[in-house]
Amino acid sequence: MKSKKSFFSIAIIQQNFRQHGWIGIIYLLCLLFAIPLEILQIASSDYVIYKDFANYFYFNTELQALFLFTIPIAAGLLLYRYMHTESSVDMIHSLPIRREKIFFNHFMSGLLLLFIPVIITALTTYFATATVERFDSILTISELLSWTIIYLILTSLLFSITVVIGMMTGMSSAHAILTYIALFLPVGLVTVIIYNLSFLLYGFSTAFIEKKIEYLSIFHQFIHLNLQEEIAVPFSLLETTIYLILTIVFFICGILLYKARHLERATDVIVFPILKPLFKYGVTFCSMLLGGSYFSSTTSNDWGWITFGYISAGLLGYVIAEMILQKTWRIFHYRSFIGFIGYSIIMLFILVSIRNDVFQYEKKLPDMDQISEVYIGDKYEISNLNDYDSFPLIYSDSKMYIQDVRNLHEYLIAEKDMLSESKYDEYVHAQEMVITYRLKDGNSFTREYFVPFHLLKDQLKPIIESKEYKMNLPEYKQLQKKLRSITFTPYDPFGKPFTITDETELKELIEILNEELLSQTIDDLISSTGRWGYFDIHYENSETPYYTAAIDWKRSFKRIDEWIAKKEHIKHAHVQPQHIEKAEITRVKNHQEIDVYSLEEFFHQGEEIHTITAQESIDKLLEYSIDYDVDGQYYIKFTLANNTYWYVTVEDKYISDEIKALFK
């Protein structure tokens, strides 16, 4: 009768603890420093916002990430280092122990070395938190359990990834390098592919992809925890479950690879012959994409340079990969480059197909009867709004609006060459705009285009001046939340900031601001407009995200001025014509190279200075004045009633012929 023996080997585990126990000690000390000690330090501080620490992940987030992404990986490297030296691997496998048992016990040793410090840290953190009374209602036991479970799962995931990579290589240095490459490759590769598609395919959009890419990187999610809202669990249940499943999958893959691995492959960079082409052409592909990306960004999409970048970087990556695999630099013979020739033919076919739009991606446009809703807006505004569920995008089902957007889209497709050329004109005022259609079959259709406003003003006017478009502007969305107050902050040195907190006045002001925002013309939205200052928005409660809530106080907001005029308690909201004692104007044809480009410095570069006395001219200069440089020629110095100076500029088109004549 066969005796049943345990799969565990106490001898192997004890040996690992004697040899590598210091890893667990370092992990414990690091975690104790990052969390319990930080809690006690915070408790002894005088000025602390305790609500900022709504979760244990918010204590020294960067340090927690550093320890998480180094120590479990170091444990995997050291515990399986014996596989990378011929003498050690021969000795270990000469023992009368099955391979699965050896692998299993080394794996369990690693988990024990890493789990014990996390559990001890959790217990210590519990007692440290209990000593701080202010944390009682914030950091509960459930929060601590959540941190412990998630940190254990992430630790085991990173350890298991390291172990699997170790099964594929026979060198310790390659093991470490390939592990970190594997961790960052998904997000890096997808990012560089998307970037290349953005200049290879006209209309390709990254607006809704960029946010999703973050989920490919545990490190990115972890390091950005302290930038998120206050949430109960920083990693969702679905994410945590996926990480746990991946850990189990990597463990099983590790056993299978360990059994299949040839012992004599120790010291080889890649031990499985089937993986060598994957490594070689993977390095070549990534190098090629990086080369194309570099020359695309530095040469304004010059196709000659992009092609050079693809070829030269791809060849460099191929040569490096070949040298690594052959462990010699003597690879320069014809046979070594047959693979690169084949790879180049395939890549050339793919790139030519994409460039010539073989699949009609660029010309594709849904028919009117297929579209149920549409959204159009600035790409970067979408990025900001998508960061927070409190500001969702508003799609319109208005047939007229859909038709206007579709007409613009048709024009963008038809004028591809003209619009592509204008993209690299530094004087063009433009936006990266995204068009998204929701189709009746439940799918969505998204494209992204560079839109120069001065070339497409007629096509843009019915869209930008519509209520549907303006309701998606961030400044309008900010006003739809419950507000506590609004602060007026003027840019000029005469005006005085004031805050509206009275509920009745606040309601009136919000209503007027909404009207002003929805009645803006295309010139108000796309042209350089003068601003009196800005409105600083303060929300009623903390459930609203940490969002920069500031709205430009534009000169075109006449109803705001009328409302202010009726309020006797508001004095000197912004400078008025009667507050200007003197206006001096100068012209600067060629700006000198200076370190700080302030309007005052530009004014003093003027060729000659003239004083404006006509009140009508002063009124007009004030109306069209801008407090930031727009590459104009005319700069004004206003002397104000409170003995201060205000330097502004006015675009050339708003300067009267009488003033221009002064400089002839």
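**Figure 1. Tyr82 is a buried residue in a loop.** Tyr82 has a relative accessible area of 10%, so the residue counts as buried. The model shown here and in the other views is predicted. Tyr82 sits in the loop between helix H4 (71-79) and helix H5 (86-93). What separates Tyr82 and Ala266 in sequence and in space? They stand 184 residues apart in sequence, and their C-alpha atoms are 9.3 Å apart.

**Figure 2. The whole protein chain sets the scene for the close-ups.** The protein chain has 26 helices and eleven strands. It counts 664 residues, and 48% of them are buried. The exposed area of the protein chain is about 34200 Å². Carbon and sulfur atoms supply 59% of that area. Contacts between residues at least 6 apart in sequence were also examined. Of these contacts, 75% join residues at least 24 apart.

**Figure 3. Glu38 is a buried acidic residue in helix H2.** Helix H2 spans residues 36-43 and holds Glu38. Is Glu38 buried or exposed? Its relative accessible area is 18%, so Glu38 counts as buried. Which residues does Glu38 contact, leaving aside neighbours within four places in sequence? They are Phe33, Phe59 and Asn60.

**Figure 4. Arg406 and Asp367 form a salt bridge.** Side chains of opposite charge can pair when their charged atoms come close. In the pair of Arg406 and Asp367, the closest N and O atoms are 3.8 Å apart. Arg406 belongs to helix H16 (residues 399-414), while Asp367 belongs to the loop between helix H14 (338-355) and strand E1 (371-378), so the salt bridge ties together parts that are 39 residues apart in sequence. The two partners can be described by their accessibility. Arg406 is buried, because its relative accessible area of 11% is under 20%. Asp367, at 41% relative accessibility, is partly exposed.

**Figure 5. Lys379 and Glu448 form a salt bridge between a helix and a strand.** The closest N and O atoms of Lys379 and Glu448 are 3.4 Å apart. Lys379 lies in helix H15 (residues 379-386), and Glu448 lies in strand E3 (residues 444-452). The pair links distant parts of the chain, 69 residues apart. Are the partners buried or exposed? Lys379 is buried, with a relative accessible area of 11%. Glu448 is buried too, at 10% relative accessibility.

**Figure 6. Arg559 and Glu516 bring two helices into one salt bridge.** The side chains of Arg559 and Glu516 meet at 3.6 Å, N to O. Arg559 is in helix H23 (residues 558-566), Glu516 is in helix H21 (residues 503-518), and the pair links distant parts of the chain. How far apart are Arg559 and Glu516 in sequence and in space? The sequence distance is 43 residues, and the C-alpha to C-alpha distance is 7.4 Å. Arg559 counts as partly exposed, at 34% relative accessibility. Glu516 counts as buried, at 4%. Leaving out residues up to four places away in sequence, Arg559 touches Ile512, Glu515, Glu516 and Ser519.

**Figure 7. Arg98, Glu100 and Lys259 share a salt-bridge network.** Salt bridges with shared partners join Arg98, Glu100 and Lys259 into one network. How many salt bridges are there? The count comes to 15, with a side-chain nitrogen of Lys or Arg within 4 Å of a carboxyl oxygen of Asp or Glu as the rule.

**Figure 8. Five acidic residues form a negative surface patch.** The patch is made of Glu616, Asp619, Glu623, Asp657 and Glu658. Which helices each supply at least two residues of the negative patch? They are helix H25 (615-624) and helix H26 (657-661). H25 gives the largest share, three residues. Glu658 lies in helix H26. Its relative accessible area is 60%, so Glu658 counts as exposed.

How values were computed
Residues are numbered from 1 along each chain as its sequence is written. This is a predicted model: local features need pLDDT of at least 70, side-chain atom pairs count only at pLDDT 80 or more; totals for chains, interfaces and linings use all residues. Side-chain values use heavy atoms; hydrogens and water are left out. Patches are made of residues with over 30% relative accessible area and no salt bridge: like charges are joined within 9 Å, nonpolar side chains (Val, Leu, Ile, Met, Phe, Trp, Tyr) within 5 Å. Accessible areas come from the Shrake-Rupley method with a 1.4 Å probe; for residues, only the protein chains shown count as cover. Lys and Arg count as positive and Asp and Glu as negative; His and the chain ends are not counted. The place of a charge is taken as NZ of Lys, CZ of Arg, CG of Asp or CD of Glu. Helices (H or I, at least four residues) and strands (E, at least two) are DSSP runs, numbered from the N terminus. Buried means under 20% relative accessible area, exposed over 50%, partly exposed in between (1.4 Å probe, protein chains only). Contact means heavy atoms within 4.5 Å.
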